[in-house]
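Morning, everyone. Please look at the screen while I talk.

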Amino acid sequence: MHNGMYANAGGDDTFYRKGTYISGAAQGYLIDKKTADKYGITKITDLKDPKLAKLFDTDGDGKADLTGCQAGWGCEGVIEHQLTEFKLRDSITHKQGQYAAIISDTIARFNDGEPVLYYTWTPYWVSGKLVPGKDVVWLEVPYSANPNGTDTALPNGKNYGFDINSERIVANKEWAEANPAAAKLFEIMKLPINAVSAENMMISNGQDSVKEIERHADQWIQANQKTFDQWISAAKKAAH
């Protein structure tokens, strides 16, 4: 989703980018499971039906309100592209704003038993509060369509409309060449996606000071000391 942004900023000529820090990051559209099961909604295009779209109307205009993507984020381009491509503009309104605020409103509506329609990504704390498969379900798109022109179909045949992302550490190329130990560390460090979501949840629950976030990191290191020590050892060797 950010390939264009990376290339426009100079790509591999400007940046050092090796290894994958987090992999298997899904994202896409979800609705509450109760409504999905009751009405048999499985695809975002099911909401072309005015009766189904109206279920997710929060402002009284008859259109489904999608808790969407913050302006300027990569996901904004994909959502806007798909609303046009799948001819959904007459039935879905892309509600945008400060994401943490608008998704909190959505979770509050879910907790009140109301239908919800939203975009989210992983790793993030939202999927700890609205658990896919239990509280909510992913909606599929009819076919791959996005500004990058990539195929978003999954090995299991499902298609959520977004690439499964990898998150990578990027550094100034000159700096990385001058600091080979750090560059090696960036290349070999890997975190399980669930560990990141769990830490995001702790932040969301109020443990958000620098001191507390450092404590979260220390706790993960202690629980994975052998792995961490191997990273440090390999990084030190790269410096010689």
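I'll go through one pair of helices, then two pockets.

One caution before that: this is a predicted model.

Start with helix α9, residues 180-188, and helix α12, residues 225-238. How do their axes cross? They come within 7 Å and cross at roughly 140 degrees. That makes α9 oblique to α12. Roughly antiparallel would need an angle over 145 degrees. The crossing of α9 and α12 is right-handed.

Now, which residues meet there? On the α9 side, find P180, A181, K184, L185 and I188. On the α12 side, find W231, I232, A234, A235 and A238. Of the residues in this contact, 9 are nonpolar, 1 is charged and none is polar.

Next, the largest pocket. Its volume is about 640 Å³. Its lining has 22 residues. Nearest the centre are M1, H2, N165, S166 and E167. Four elements give two or more residues to this lining: α1 (3-8), α5 (74-85), β6 (117-121) and β8 (165-167). The lining is mixed: 11 nonpolar, 7 polar and 4 charged residues.

On to the second largest pocket. This one has a volume of about 390 Å³. Here 18 residues form the lining. Look for Y21, L191, H216, A217 and W220 nearest its centre. The elements giving two or more residues are α10 (193-204), α11 (210-223) and α12. Which element gives the most? That is α10, with 6 residues. By type, this lining splits into 15 nonpolar, 2 polar and 1 charged.

So helix α12 comes up twice: it contacts α9, and it helps line the second largest pocket. Thanks.

Methods
Residues numbered from 1 in each chain as written. Predicted model: local features only at pLDDT ≥ 70, side-chain atom pairs only at ≥ 80, totals over all residues. Heavy atoms only, no water. Axes fitted to C-alpha atoms, helices over the stretch in contact; angles between N-to-C directions. Parallel < 35°, antiparallel > 145°, perpendicular 65-115°, else oblique. Left-handed = near helix turned anticlockwise from the far one by under 90°. Contact = heavy atoms within 4.5 Å. Nonpolar A, V, L, I, M, F, W, Y, C, P; charged D, E, K, R; others polar. 1 Å grid on protein atoms, 1.4 Å probe; cavity = no way out; pocket = protein on both sides within 12 Å on 5 of 7 lines; lining within 4 Å. Points joined across faces, edges and corners; volume = space filled by probe spheres on them.
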